[in-house]
Protein chains: 2
Amino acid sequence: MITLTEENYIKAIYHLGKQGRENVNTNALAEAMNTKASSATDMIRKLAEKDYANYKKYKGVTLTESGKDIAINIIRKHRLWEVFLVEKLNFTWDEVHELAEQLEHIKSQKLIDELDAFLGHPTHDPHGDPIPDKNGEFTFVEKIVLSQAQEHQTYSCLGVNDSSTEFLQYLNKNDIGLGSTIEVVHIEPFDKSINIKANGKLLTVSQSVAKNLYLKKL
Amino acid sequence: MITLTEENYIKAIYHLGKQGRENVNTNALAEAMNTKASSATDMIRKLAEKDYANYKKYKGVTLTESGKDIAINIIRKHRLWEVFLVEKLNFTWDEVHELAEQLEHIKSQKLIDELDAFLGHPTHDPHGDPIPDKNGEFTFVEKIVLSQAQEHQTYSCLGVNDSSTEFLQYLNKNDIGLGSTIEVVHIEPFDKSINIKANGKLLTVSQSVAKNLYLKKL
DNA sequence: ATATATTTTTAGTCTAATCTAAATATTTAT
DNA sequence: ATAAATATTTAGATTAGACTAAAAATATAT
């Protein structure tokens, strides 16, 4: 049986080590976990013993295949819950993260399979991050920010970079949400402001907005 | 901050002591928690210290008002999650309990308020037990079993007593579910078998079925 | 009413996850 | 290449929640 704390360390190693492939330093891990280096060392030892991690003293830690599987499964759960909270329970994009940190530890294969189906097998969460499928495969989507978009091209909104309340409220006001269709009508060479048609409505957005909106080409 | 274990003990005291009003013995509590009497004593001490419980050595334990509030809130969450799992995620009535035991500990007021609204403010869970509202008030509904029903009266299905897979499958096969309308057409005096019209369809059910189906008068 | 049985509490350990402080490796700078 | 700085590990303690075994209180039975 894997404990909640072990799961959280595994997740942190995964994120810090770029999908768990690169070595993660004890100090970096301790900081991510809001704990001390000595505690991180203890946990790394334990994870290595349970064969979730590869560890050589003073050389940092990576995840084993089974460690990665666990991490990916937690990420899948986290992101599916985020979609649920935003799409079904009226949460805003910035409210969901810490709640999903709790929900991701609920243990039930059927729950997560059914939730996935209930949500229509989403491939991305409200921040535009990909949701691994049942087999741990990520859907790769070329993600760009609006400021890198091309004139006359049509895109779909994947998520946001800045998830401040103000920015999300700005998007709401302009009817831009997950999956919104955005057509780049014109890019003003002078100040790089962008004329877009969002869900049919014309709108001019500034660079600072454009830098924080993730899109995929349609 | 209240721990998960504390919450579970409080819930057990609430259930064992008839809404936490009656004294609960250390041994009974230990058995309910699958632990030993000495552990229960330790926890009772702790709960009393935190003012969730009233405790006199050798005299058992009751809940304080704040302890009861906590218990009722956990029960509310548990039962709302059960409704969600059955109504939205295709769980059967007997699959939901242990999963709801995990979900009931998720901490977010907004989550539970929104879930409640999403489900249409249900008053009863899939087992026919009442769901306390936001203020901790239970909807009292006179709950009878089908075997006590009156001829020519119409009822609504509240839940089941026996939640074995076989029984639930029997009900599914006959299109009886939560909220189904059941009219008692005729009670056979010879063997007490009951002729009912369930969701429009005529059906004869035996006493053993009738004893396990909870109804409320319409 | 007293002995016996049962229940509850106490005392002392154990494990997981944390901490501080000290010791040891490794890295960096000269 | 060595000293200083930084990173990591070790050693020993702490806390929550559990355990066993023994002691103490309460309940039961004759």
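# Guided tour of a predicted protein–DNA model

Begin with the surface near DNA strand C, whose residues divide into six nonpolar, 10 polar and five charged. The model is a predicted one, and every distance quoted below is computed from its atoms.

**First stop: DNA strand C.** Select the strand and display the protein residues within 4 Å of it. The strand is surrounded by 21 residues, and the closest are A:Thr35, A:Lys46, B:Arg45, B:Tyr55 and B:Lys57. Of the strand C atoms that come within 4 Å of the protein, 77% belong to sugar and phosphate.

Three contacts to phosphate oxygens of this strand merit individual inspection:

- The side chain of A:Thr35 places an N or O atom 2.5 Å from a phosphate oxygen of DNA strand C.
- For B:Asn27, select the backbone: one of its N or O atoms lies 2.8 Å from a phosphate oxygen of DNA strand C.
- B:Tyr58 likewise offers a backbone N or O atom, here 2.9 Å from a phosphate oxygen of DNA strand C.

Next, colour by secondary structure. Two or more residues of the surface near DNA strand C come from each of α1 (4-16) and α3 of chain A, and from each of α2 (26-32) and α3 of chain B. Helix α3(A) gives the most, with five residues.

**Second stop: DNA strand D.** Move the selection to the other strand. Around DNA strand D there are 21 residues, of which A:Arg45, A:Tyr55, A:Lys57, B:Thr35 and B:Lys46 come nearest. Sugar and phosphate make up 83% of the strand D atoms that come within 4 Å of the protein. By class, the surface near DNA strand D holds six nonpolar, 10 polar and five charged residues.

Here, too, three side chains may be selected in turn:

- A:Arg45 has a polar side-chain atom 2.4 Å from a phosphate oxygen of DNA strand D.
- B:Thr3 has a side-chain N or O atom 2.7 Å from a phosphate oxygen of DNA strand D.
- B:Tyr9 has a side-chain N or O atom 3.2 Å from a phosphate oxygen of DNA strand D.

The elements giving two or more residues to the surface near DNA strand D are α2 (26-32) and α3 (37-49) of chain A, together with α1 (4-16) and α3 (37-49) of chain B. The largest share, five residues, comes from α3(B).

**Third stop: the relation between the chains.** Hide the DNA and superpose the protein chains. Chain B falls on chain A after a rotation of 180° with 0.0 Å of shift along the axis, at an RMSD of 0.1 Å. The two copies are thus related as by a two-fold rotation axis. To locate that axis from chain B, select B:Leu103, whose C-alpha is the nearest to it in that chain, at 3.9 Å.

**Fourth stop: helix α4 of chain A.** Select residues 65-88 of chain A. This helix has 24 residues and reaches 34 Å from its first C-alpha to its last, close to the 34 Å expected at 1.5 Å a residue. Of the 24 residues of α4(A), 18 are buried, so the helix is largely enclosed by the rest of the structure. Just after α4(A), A:Asn90 takes a positive phi of about 60°.

**Final stop: the sheet of chain A.** Six strands form an open sheet in the order β3-β8-β4-β5-β6-β7, with antiparallel pairing. At its edges stand β3 (144-145) and β7 (201-205), each with a single partner strand, so one side of each is left without a neighbour in the sheet. Finish by selecting β6 (residues 194-198), which pairs with β7(A) in the antiparallel sense over five bridges. Within chain A, A:Ala198 stands opposite A:Lys201 of β7(A).

Note on methods
Residues numbered from 1 in each chain as written. Chains lettered and ligands numbered in written order. Predicted model: local features only at pLDDT ≥ 70, side-chain atom pairs only at ≥ 80, totals over all residues. Heavy atoms only, no water. Polar contact = N/O pair within 3.5 Å; in protein donor to acceptor, adjacent residues only side chain to side chain. Helix = DSSP H or I, 4+ residues; strand = E, 2+ residues; numbered from the N terminus. Nonpolar A, V, L, I, M, F, W, Y, C, P; charged D, E, K, R; others polar. Expected span 1.5 Å × (residues − 1). Buried < 20%, exposed > 50% of the residue type's maximum accessible area, 1.4 Å probe, protein only. Pairing = 2+ DSSP bridges. Least-squares fit on C-alpha atoms with pLDDT ≥ 70 in both.
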